[in-house]
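Trainee: Could you take one part of this model and walk me through it slowly? I'd like to see how a single helix sits against its surroundings, and then how some aromatic rings are arranged.

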Amino acid sequence: MCGICGVVSVDPRQVEPAVRSMMRAMVHRGPDDEGYEQLPLGTGDQIAVAGFGFRRLSILDLSAAGHQPMFNPDTGDCLIFNGEIYNFRELRGELEGRGVVFRGTSDTEVLLEALSTWGEAAVEKLNGMYAFAFYQARSRRFLLARDPLGIKPLYVAGLPDRFVFASEIRAMLASGLVPADLDVAGIAGMLAYGSVQSPHTVYKSIRSFPAGHVQWFDAGVATGQVPEPPRRFWSFPRQAVAEDRDEAAARVRHLLHASVLRHLVADVPVGVFLSAGIDSTVIASFAREYTPQVTAFTVGFGAVHGEDEVALASATAKQLGIRHVSVDLDLENMPDKWHSWLEGMDSPSVDGFNTYVVSRRLAAEGVVVGLSGLGADELFGGYSTFTRAPRWSQWLRSLAFIPRSLRSAAIAGAGAFTSHPGSAEKLADLAGGDPSVAGIARSLRRAVSNRRLEAMGLSPQSVGLAADYLDFPPNRTEPTFDGDPFNTVARIETTQYMTDTLLRDTDANSMKHSLEVRVPFLDLPLLNYVSALSGTTKSDGRHASKQLLRDAAGGIFSPEIARRPKTGFTLPIGAWMRGRMREPCEAAIEHLAGIPVIDGAEVRRTWRTFLEDEGAIHWSRPMALVVLGSYLR
């Protein structure tokens with residue numbers, strides 16, 4: 001929806017210039033309006049100034065009544081807010097029942113009044129995607145909050161004499177107040193998994209504010225005083241509930257209908273991302289019922305490399321009776337899009353180019369809001385990790401009598417004689433790592449193996465990370481279900497891959513084109529219900545993936561669509577890297593090889609292996625090097 005930013009300092013002279021620089025760096029997040037306010041923090045001897053900045057993408061209440069920073073005229077409270085509150089109408093009715101009089105029709109005003117009325121407890125009433133800063137006038141302090149799964153981004157930097165926050169990392173750097181010193185732990189995590197792992201970024205001073213948390217700040221934050229730690233206000237259900245699958249399917253269908261209806265609320269045009277798979281087809285089908293004029297968009301690259309999803313998606317759109325637009329890619333226009341994607345990247349990731357090109361086309365069509373099927377795979381079991389992780393865990397536990405190091409060394413040694421050494425290295429990591437279902441699920445998401453990272457001089461010990469290149473416990477907050485492998489994998493996929501890759505990249509790559517992407521599968525009532533179901537209710541482990549979702553979608557469309565396997569916006573990245581995009585890729589590789597914290601010889605060796613042997617390593621591994629090198633140029 002928008003971009004928010006702020007600076008807290010005891011020196012008022014540095015606040016406004018820094019905030020306005022951040023606002024300029026986020027014009028793409030909010031081309032319709034901007035606002036700035038300066039607010040007093042603290043009392044007595046401990047005082048500071050907070051500057052709040054805002055860029056607006058108008059979606060609800062396009063009038064000036066939706067302007068931010070928004071003040072409550074009765075209390076003096078102030079709010080800057082990025083996102084959407086989907087249950088704002090229900091909250092508005094509750095507040096009106098308490099005597100609140102509203103001036104406009106935006107969800108921002110409802111959120112402001114809710115915070116003024118209920119304080120911090122208001123977040124527990126919210127259903128939406130959001131990151132916001134709320135200034136409480138009576139206490140002269142402010143609250144930061146982020147939605148339960150981190151759909152909307154928020155970054156913070158606590159420095160000895162100032163505090164900075166923003167929706168984007170590049171905006172933080174644009175403030176001129178945040179140093180760009182590299183964080184080797186963030187770099188190592190990015191190479192290990194293909195995207196930076198929270199709470200790290202690739203910069204030492206910048207951290208990702210935790211999803212599902214709130215935190216109060218007062219004037220002391222401007223002088224480096226450590227505030228009270230963030231408080232978690234939302235968690236996954238701790239107990240799994242077994243229900244009749246037919247009843248669960250009916251409930252899921254009802255909740256999905258309600259979710260799509262809420263996510264369609266907008267005063268601007270809405271589109272749907274449509275692949276040939278079941279997730280986006282369900283969203284498009286339900287959206288059609290409430291908004292017949294909705295348009296579906298599909299990325300096509302048949303002219304570049306083989307077949308794509310356009311024909312299947314077009315047939316689906318025709319059956320649903322909705323307008324369909326194909327986003328055609330070809331070799332001639334690929335370099336410009338590739339360069340633009342890399343140059344505009346807010347955090348380095350191997351994912352997101354597909355979202356970037358589709359979002360660009362939606363924006364060109366005048367669409368401001370796009371609905372995505374993101375989240376269904378994590379909730380309903382759409383990845384191979386849901387079956388592979390339990391199977392691998394059981395096998396490794398049966399070999400517990402063999403030391404992990406010996407298992408790993410044997411597999412790594414055998415890999416030297418195969419045509420797929422990269423796969424053998426990943427298998428060696430599996431054999432020598434955590435044998436739990438959670439540990440295997442994490443390992444299956446790896447992009448670069450332990451062996452290659454250590455050859456680059458990035459051993460987990462040297463960068464201060466655990467053996468799996470993540471933070472040490474207890475900083476890991478995702479709960480797992482003992483004895484319920486399905487839900488254990490679901491938690492890992494949701495809190496790691498989805499939050500740190502898919503959601504972050506979707507937000508950055510869509511907002512680059514002033515497009516808001518909404519994710520109906522992550523609607524809070526649906527999320528809470530499905531997450532609490534036992535794994536056996538959602539899948540028997542033998543039939544098609546996302547079995548419960550398919551049951552819930554029964555009768556909505558033809559059996560041919562319902563039986564389709566998992567698909568998505570898949571692009572032939574590896575072929576492009578070896579072909580038309582080779583020159584800029586090699587430039588990025590050379591830049592990365594020259595960074596002191598990384599062994600350049602190993603970076604170059606990985607790239608040569610990728611070029612010389614297509615089967616040796618998956619494209620995502622050298623792609624991680626290319627993206628990081630390009631980002632740091």
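Mentor: Here is a close look at one helix and its packing partner, followed by a group of rings.

First, the ground rules. This is a predicted model, in which local features need pLDDT of at least 70 and side-chain atom pairs count only at pLDDT 80 or more, while totals for chains, interfaces and linings use all residues. Residues are numbered from 1 along each chain as its sequence is written, and side-chain values use heavy atoms, with hydrogens and water left out.

Start at helix α26, residues 620-631. Helices here are DSSP runs of H or I with at least four residues, strands are runs of E with at least two, and both are numbered from the N terminus. The expected span is 1.5 Å times one less than the number of residues, so the 12 residues of α26 should cover 16 Å, and the end C-alpha atoms are indeed 16 Å apart. As for cover, 12 of its 12 residues are buried (under 20% relative accessible area with a 1.4 Å probe, protein chains only; over 50% is exposed, and in between is partly exposed). Among them are Arg621 and Tyr631.

Now bring in helix α9, residues 334-343: its axis runs 9 Å from that of α26, at an angle of about 65°. Axes are lines fitted to C-alpha atoms over the stretch in contact, with angles from 0 to 180 degrees between N-to-C directions. That makes α9 roughly perpendicular to α26 (65 to 115 degrees; under 35 is roughly parallel, over 145 roughly antiparallel, the rest oblique). Trp338, Trp341 and Leu342 of α9 meet Met623, Val627 and Ser630 of α26, where contact means heavy atoms within 4.5 Å. Those residues split into 5 nonpolar, 1 polar and no charged (Ala, Val, Leu, Ile, Met, Phe, Trp, Tyr, Cys and Pro are nonpolar, Asp, Glu, Lys and Arg charged, the others, Gly among them, polar).

On to the rings. Rings of Phe, Tyr and Trp (its six-membered ring) pair if their centres lie within 6.5 Å; planes under 30 degrees apart are stacked, over 60 edge-to-face, the rest tilted. That rule gives 19 aromatic pairs. In one of them, phenylalanine 163 and phenylalanine 217 have ring centres 4.7 Å apart and planes at 35°, so the pair is tilted. Phenylalanine 163 belongs to strand β9 (residues 162-166) and phenylalanine 217 to strand β11, 54 residues apart. Both are buried, and they share one aromatic cluster with Phe52, Phe142 and Phe165. Phe163 also touches valine 221, itself buried at 6% relative accessibility.

Definitions and conventions. Lists of a residue's contacts leave out its neighbours within four places in sequence.
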